[in-house]
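Reader: Hey, got a minute to go through a model with me? I'd like to start with the cysteines and then wander a bit.

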Amino acid sequence: MTRPPGVSLRAGLALCLCLAACAAPAGPTLIRANDPTARPGTPAIRAGEPTARPGTPEPTGTRTREPAVGPGLSPTAPPDPTPLPPRPRVVVISVDGLRPDALALARTPNIQALTQRGAFSLQAQTVFPSATLPAHAAMFTGQPPEITGVDWNDYLPERGVITGTVFLAARAAGRRAVLVAGKEKFAHFDAPGALDAYVFAPGGDQDVADRAVEQIAAGFDLLAVHLPNADYFGHLTGWMSDTYLFQLSRTDDAVGRLLAALPEDAVVILTADHGGLGVSHGRRIPEDMTIPWMIAGPGIRQNLVLTQTISVLDTADTVAYLLSLDWPADTAGRPVLEALAAPVPPALRLLFTGDINPGRCPAQVALQNNDFTLPYQAVAEVLRAADLTVGSLDGALSDLSRPSPCPTTQNLIGPARTVEGLQFAGFDVITVATNHAKDCGALGFGCEARSFLDTLRHLDAGGLRAVGGGATLAEARAPVVVERGGVRFAFLGVTEVGADTWAAEARPGTAPLSGATLEDVLADIRAARALADVVIVLPQWGVEYAETPEPRQREWARRMIEAGATLVVGNHPHMVQPLEPFPGGLAAYALGNFVFDQQPWRARQGAVLEVTFHGPILEAWRLRPVHIYNFYQPRWAEPDEAAQILARMPLLTDPATARPSPR
Ligand SMILES: [Zn+2]
Ligand SMILES: [Zn+2]
């Protein structure tokens with residue numbers, strides 16, 4: 001493969017110098033660093049500028065337009081980079097006080113190589129005041145000093161920690177976040193829950209690089225590295241002095257060591273907090289405000305001069321975009337989408353609820369009020385917002401019999417109109433492989449599976465996909481495959497409880513789960529895996545009112561995941577139970593009740609499991625505890641109760657060693 005001729009760093013540099021020195025912009029796309037139309041540091045002035053958020057279409061043309069070039073430069077067609085991995089890692093290298101126009105004057109082969117390998121701007125802008133801590137706060141939050149309130153530039157423990165950072169968002173998503181810094185004041189970023197490792201390396205760039213290489217070896221998803229020396233020597237002998245330029249070549253050595261230690265799937269962003277002139281910085285002048293911004297790695301366009309005006313603020317938003325983090329839409333930064341070769345696979349959110357009783361109290365309340373959406377009023381907004389919402393129906397949907405009264409029987413049957421509530425709540429997939437699947441109300445249990453077949457019919461008519469049940473055993477065992485964002489999710493429903501509901505070759509019913517049928521279930525998982533990217537098993541299992549899974553359940557979960565399932569989400573105990581991560585997957589043994597009318601306090605509790613996929617990769621999960629009010633309506637639990645519920649849902653093994661990993 002031949003590398004096309006590139007826009008050289010020196011050519012880009014010529015543009016940059018021109019911007020600082022020329023009286024008028026050299027071309028239509030060029031913006032003077034001190035021009036009022038240049039990228040300002042406050043969000044108010046940016047109103048009306050197109051913004052793009054993860055999960056939303058980018059502004060038209062951002063990625064497709066050719067890089068604009070100045071006089072004397074020829075457009076280049078950047079080569080196709082390798083694709084962005086489904087679960088990228090990101091490194092942010094901040095070279096303190098690096099003026100972009102110093103790069104071509106100093107021996108900086110490693111930093112310059114990044115511009116060949118990636119996309120870059122040598123006229124990015126920092127925020128005012130152009131000082132280390134305010135600028136790094138902007139870099140890591142996407143917000144200017146007016147919003148972060150970080151207007152100081154020393155280590156002031158009494159000012160507390162800086163929140164709203166990408167570190168906090170990364171850790172909230174279960175990603176490992178690490179900061180290695182060469183100045184003590186970076187301790188302000190070490191907020192509770194923000195960093196898996198915070199390292200202050202007081203010995204300058206080489207010390208920072210040593211410590212960062214250690215952290216790279218320890219593993220990371222987001223690593224920020226701060227190299228302090230260029231700034232030190234700028235203050236000592238002046239920016240652009242011979243000493244500054246010579247020391248920059250040593251900083252470049254440190255960058256080279258970092259880059260050499262990185263895994264291949266890491267995306268590297270290299271930027272600076274500010275420049276400098278004379279022996280200081282902090283002003284609004286171009287020499288202080290103009291910084292380099294470079295990005296390179298898998299999925300990033302190569303040898304590309306970025307035409308969009310880049311701000312240091314965009315660093316955080318780009319990191320959040322690449323890592324698919326939950327990130328506020330209203331930050332002042334925006335992801336540098338122009339640098340991306342292809343869209344990042346969207347993050348897909350799936351929600352799983354506990355048991356849903358369509359009969360008894362929930363049915364009576366709905367009938368009395370002629371409103372079957374009532375049970376879901378408090379949670380529907382969240383459930384509907386997910387890409388897929390999955391429930392466990394512990395009863396039959398049939399008008400064969402009026403629902404049994406509240407709450408005196410064990411016979412769970414609800415009217416066909418129960419589907420209205422499930423639709424309102426945004427359910428997509430419902431497992432009917434439950435022990436109450438053949439309840440028939442006044443007709444008793446069984447009724448030749450008429451209520452059960454009604455359930456399948458009503459769900460189907462309502463556009464809901466029933467899984468784990470059918471008119472024959474083969475139908476009951478068949479997966480339901482749903483595609484979202486290009487990812488095919490296959491669901492299987494099975495029940496250990498209520499062998500009388502099991503289907504047979506010519507008998508309608510549920511898909512069985514038992515020691516005797518486990519091999520069949522595993523075969524179904526393997527077959528589903530061949531049809532789909534992700535297999536999710538929904539077992540009804542365990543012991544009613546037990547708060548821990550049985551050893552057999554843990555064994556079955558392990559074998560299901562070994563057979564190719566990524567998630568095993570169980571129900572039936574009416575109590576929440578622990579979760580267990582396995583290599584390649586996660587088991588949630590029981591999510592408690594969701595819409596139910598049982599008396600015990602803990603049976604009025606449950607949790608919605610939220611999992612995030614990035615492409616087919618299970619990336620993160622969290623639990624949203626609920627409390628069921630008035631025996632029919634789940635609402636998000638208040639903090640105290642939520643903490644009590646979560647305390648009963650620990651991980652059975654250390655997530656650090658048994659974390660779901662890419663297949
Ligand atoms: Zn600085
Ligand atoms: Zn400084």
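Reader: First one: is C361 buried or exposed?

Author: C361 is buried, at 3% relative accessible area. Buried means under 20% relative accessible area, exposed means over 50%, and partly exposed is in between, using a 1.4 Å probe and protein chains only. Before we go on, this is a predicted model, where local features need pLDDT of at least 70, side-chain atom pairs count only at pLDDT 80 or more, and totals for chains, interfaces and linings use all residues. Residues are numbered from 1 along each chain as its sequence is written, chains are lettered from A and ligands numbered from 1 in the order in which they are written, and side-chain values use heavy atoms, with hydrogens and water left out.

Reader: Ok, and which cysteine does C361 pair with?

Author: C361 forms a disulfide with C406, and their sulfur atoms are 1.8 Å apart. A disulfide here is a pair of cysteine sulfur atoms within 2.5 Å. The link is right-handed, with 75° about the S-S bond. It joins distant parts of the chain, 45 residues apart: C361 is in helix 11 (residues 360-369), and C406 is in the loop between strand 11 (396-397) and strand 12 (413-414). Helices (H or I, at least four residues) and strands (E, at least two) are DSSP runs, numbered from the N terminus.

Reader: What about C406, buried or partly exposed?

Author: C406 counts as partly exposed because its relative accessibility is 37%.

Reader: How many disulfides does the structure hold?

Author: Two. The other pairing is C440 with C447, with sulfur atoms 1.9 Å apart. That link is left-handed, at -75° about the S-S bond. C440 is buried at 0% relative accessible area, and C447 is buried too, at 13%.

Reader: Let's zoom out. How many helices and strands are there?

Author: The protein has 18 helices and 26 strands. Of its 663 residues, 61% are buried. If you take contacts with a separation of 6 or more, 74% of them are between residues 24 or more positions apart. Contact means heavy atoms within 4.5 Å.

Reader: Any helix pairs worth a look? How do helix 16 and helix 17 cross?

Author: The axes of helix 16 (residues 518-531) and helix 17 (residues 551-562) come within 9 Å and cross at roughly 30°. Axes are lines fitted to C-alpha atoms, for helices over the stretch in contact, and angles run from 0 to 180 degrees between N-to-C directions. So helix 16 and helix 17 are roughly parallel to each other. For the wording, angles under 35 degrees count as roughly parallel, over 145 as roughly antiparallel, 65 to 115 as roughly perpendicular and the rest as oblique.

Reader: Which residues meet there?

Author: From helix 16 you have L518, E519, V521, L522 and I525, and they meet W556, R559 and M560 in helix 17. By class, that contact has six nonpolar, no polar and two charged residues. Ala, Val, Leu, Ile, Met, Phe, Trp, Tyr, Cys and Pro count as nonpolar, Asp, Glu, Lys and Arg as charged, and the others, Gly among them, as polar.

Reader: And helix 2 with helix 8, at what angle do they cross?

Author: Roughly 55°, with the axes of helix 2 (residues 109-117) and helix 8 (residues 242-261) coming within 7 Å. That makes helix 2 oblique to helix 8. P109, N110, I111 and L114 in helix 2 meet D252, D253, V255, G256 and L259 in helix 8. The mix there is five nonpolar, two polar and two charged residues.

Reader: Switching again: how many residues of helix 10 are buried?

Author: Nine of nine, so helix 10 (residues 314-322) is mostly covered. Just after helix 10, S324 takes a positive phi of about 55°.

Reader: Last bit, two threonines. Where is T510, and what does T510 touch?

Author: T510 is in strand 18 (residues 509-510), and it counts as buried because its relative accessibility is 0%. Not counting residues up to four places away in sequence, T510 touches a set including V432, F452, T495 and W502.

Reader: And T148, buried or partly exposed?

Author: T148 counts as partly exposed, at 24% relative accessibility. T148 is found in helix 4 (residues 145-148). Leaving aside neighbours within four places in sequence, T148 is in contact with A137, T141 and Q143. The C-alpha atoms of T148 and P134 are separated by 8.2 Å, and the two residues are 14 apart along the chain.
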